[in-house]
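Me: Please take me through one part of this structure closely, starting from a single turn and its surroundings, and then follow the connections outward as far as they can be traced.

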Number of protein chains: 2
Amino acid sequence: MKVVSYRHQGKPGVGVVVGASGVIAMSRATPALPNDLRQILQIDPTLAKVRSAAAGQSADFSLDDIEFDPLIREPHATWALALNYKLHIEETGLTTSPVYPQIFLRMPICQVGHKMPLWAPNRKIAEAYDYEGELAVVIGKPGRFIKRADAFAHIAGYSCYNEGSVREYQGHNRQFGLGKNFERSGSFGPWLMTPDEFGDPAEHTLVTRLNGIERQRAKISGLLHDVPRLIEYLSEGYTLQPGDVIVTGSPGALPLRSGEQAEKPVGRVVVAGQLHMRPGDVCEVEIDGLGVLSNPVIEDPTPMR
Amino acid sequence: MKVVSYRHQGKPGVGVVVGASGVIAMSRATPALPNDLRQILQIDPTLAKVRSAAAGQSADFSLDDIEFDPLIREPHATWALALNYKLHIEETGLTTSPVYPQIFLRMPICQVGHKMPLWAPNRKIAEAYDYEGELAVVIGKPGRFIKRADAFAHIAGYSCYNEGSVREYQGHNRQFGLGKNFERSGSFGPWLMTPDEFGDPAEHTLVTRLNGIERQRAKISGLLHDVPRLIEYLSEGYTLQPGDVIVTGSPGALPLRSGEQAEKPVGRVVVAGQLHMRPGDVCEVEIDGLGVLSNPVIEDPTPMR
């Protein structure tokens, strides 16, 4: 089952994707449920009510009729992983703990939904605005001290994430802070795919394309700290909440193609082969079997004072 | 004006403190306002409606009749500062950028209100659970690219924060991550004091006491990056939201008294003179003229599986 968070005629809603492009609106199929996926997960952590409400229904409208919201509009927490692909760690020569994940938080305002414009910072304040294609895990059933073996039971589903990063700000000081949290710098979607359909995350492949050209490709089996480990670790500290998001880390960049030239590195965080995102670009994050998260890039329209 | 977030007879509310210990319930004085301070700030960023609703009213009940909620129950973002007192930086010998603040995020589940128990982690997983007394700034009016000179106009008020930290987890890897986000590890309150009453933050003094003994004392004028600078910096990245919280950093520890002995340091983050918080302790964070945030410490009651 694929679940979307959308706006239809300006109104927020949650829907189930049916066929190639139909959307069953939960507001019609089961009006008792809230119009927000996080709130639904709080009362329906396995999405069983959503599934039964959608069964046998036909589409209310098409995916073309909606605006995609970030899959979870305001997560209680969005954890993101630094340096979590083994190959990426080797190629950068950077160090990270082999035992404990390296994690930080993103806040809601830094994400947009599928097809919505990402904001590249005004170039007066930053140049190095980079894509990071990642697998996102959405928590359903809350839990604390979750063991590896039980971790999958706490997952409501999976999605794609573009963990867009502003390298100058990320490198301003030791904690990533603002560089990982620029307004509308990342994207989350297009939908949630439930575990029964997605299967084992390790068997999937993640691809990022900038303007149609492949720039990242990695088997998700290459994670240093895999999905069950991340759930185990985070739940040592707090009761994972429905709708919490774990963004599992980004692989390295593919080598530049012959004739291509990297821009002059800016800031302290430099990844070989990484090209910055610029207004006019389109960035896609694809996970095979799940779908493609695609976003145009525009310049942040906020006037500088 | 002092504004509290509370539960009274189990129901969430927002109130204005009147006299020594009275609370004017906004649910009675102005039922049209939401029962949540963040939601109130979204429609009343300077708290003018709250102020006029409270004018001339008498108390509905006493501070003794309420449970204090965290001042903002679920902030969109809680920014916290590492190494932001000049003296503390000198005494630790740690380095930080003199130009850019070192910032990270805390999530809502890691905070409790005044008088509510802080959870010390089960000692099987962590020993070094530390207080950090801090001044918290609450954003009222949203804004982007806010200049230093305009920063104070975006502040709804001030409060105390105990930025409780689990040092082993903080030191697990380079980003602080989970160590700054344990469930109920920090506290936020007792109330918001509006800027007209609080005055210039730099003229106040912050004190932290553990079991009545002073352990931190600092003039807030000792901030490396002061309050206007923090607002200026964060607003370069995103539109500050009503109810966003900036926790401005913790000063160093006072030297241990004669005969006292520090516990054996655990983990990578060690502050001389810092004593850990243990079940049975009471920790207080006081800002002169504002009030005292006081919390008992209990052991995290969640059974380990």
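Reply: A good place to begin is the hairpin of strand 15 and strand 16 of chain A, which has 2 residues between the strands and in which A:Asn211 takes a positive phi near 50 degrees. This is a predicted model, and the angle should be read with that in mind. The strands on either side of the turn, strand 15 (residues 205–210) and strand 16 of chain A, pair in the antiparallel sense over 6 bridges. One pair within that ladder joins A:Leu206 to A:Ala218, its bridge partner in strand 16 of chain A.

The hairpin belongs to a wider arrangement, an open sheet in chain A whose 5 strands run in the order 9-19-18-15-16 with mixed pairing. Its edges are strand 9 (118–120) and strand 16 (213–219) of chain A, each of which pairs on one side only, and the twist from one strand to the next averages 20 degrees. Strand 16 of chain A is thus both one arm of the hairpin and an edge strand of the sheet. At the other edge, strand 9 of chain A pairs with strand 19 (residues 291–299) of chain A in the parallel sense over 3 bridges, and within this pairing A:Leu118 has A:Val297 of strand 19 as its bridge partner.

The domain assignment places this sheet in context, since it divides chain A into domain 1 (2–68) and domain 2 (78–299). Taken over C-alpha atoms, the centres of domain 1 and domain 2 of chain A are 25 Å apart, and the contact between them draws 14 residues from domain 1 and 16 residues from domain 2. On the side of domain 1 of chain A that touches domain 2, the elements giving two or more residues are strand 1 (2–8), helix 2 (37–43) and strand 5 (67–68) of chain A; by class, that side holds 8 nonpolar, 3 polar and 3 charged residues.

A:Asp69 deserves attention here, as a residue of the loop between strand 5 and strand 6 (78–82) of chain A. With 23 C-beta neighbours inside 10 Å, A:Asp69 counts as buried, the threshold for that label being 20 or more. Leaving aside residues up to four places away in sequence, A:Asp69 touches A:Ser5, A:Tyr6, A:Arg7, A:Pro12 and A:Gly113. The C-alpha atom of A:Asp69 is separated by 9.3 Å from that of A:Lys115, although the two residues are 46 residues apart along the chain.

Turning from chain A alone to the pair of chains, 39 residues of chain A are in contact with 39 residues of chain B. On the chain A side, the largest share, 4 residues, comes from strand 7 (residues 102–106) of chain A, and the residues of that side divide into 20 nonpolar, 13 polar and 6 charged. Chain A is superposed on chain B by a rotation of 180 degrees with 0.0 Å of shift along its axis, at an RMSD of 0.0 Å. The two copies are therefore related as by a two-fold rotation axis, and the same surface serves both, with 100% of the contact residues of chain A recurring in chain B.

Within chain B, strand 11 gives a view of the interior, because 7 of its 7 residues are buried and the strand is largely enclosed by the rest of the structure. Both faces are covered, with B:Gly133, B:Leu135, B:Val137 and B:Ile139 buried on one side and B:Glu134, B:Ala136 and B:Val138 on the other. Strand 11 of chain B pairs with strand 12 of chain B in the antiparallel sense over 7 bridges, and B:Gly133 stands opposite B:Asn162 of strand 12. B:Asn162 is itself buried, with 30 other C-beta atoms within 10 Å, and among the residues it touches are B:Tyr131, B:Gly133, B:Ser187, B:Cys283 and B:Asn295.

Strand 11 of chain B also pairs with strand 17 of chain B, again in the antiparallel sense and over 3 bridges, where B:Val138 has B:Val245 as its bridge partner. Both strands reappear around helix 7 (residues 227–237) of chain B, whose buried residues are B:Val227, B:Leu230, B:Ile231, B:Tyr233, B:Leu234, B:Ser235 and B:Gly237. What covers these residues includes strand 6 (78–82), strand 11 (133–139) and strand 17 (245–247) of chain B, together with helix 5 (167–170) of chain A, which brings the account back to the chain where it began.

Key
Residues are numbered from 1 along each chain as its sequence is written. Chains are lettered from A and ligands numbered from 1 in the order in which they are written. This is a predicted model: local features need pLDDT of at least 70, side-chain atom pairs count only at pLDDT 80 or more; totals for chains, interfaces and linings use all residues. Copies are superposed by least squares on the C-alpha atoms of residues with pLDDT of at least 70 in both. Two residues are in contact if their C-beta atoms, placed from the backbone, lie within 7 Å. A residue is buried if 20 or more other C-beta atoms lie within 10 Å of its own, exposed if 12 or fewer, and partly exposed in between; C-beta atoms are placed from the backbone. Ala, Val, Leu, Ile, Met, Phe, Trp, Tyr, Cys and Pro count as nonpolar, Asp, Glu, Lys and Arg as charged, and the others, Gly among them, as polar. Two strands pair if DSSP finds at least two bridges between them. Axes are lines fitted to C-alpha atoms, for helices over the stretch in contact, and angles run from 0 to 180 degrees between N-to-C directions. Domain bounds come from an automatic or database domain assignment.
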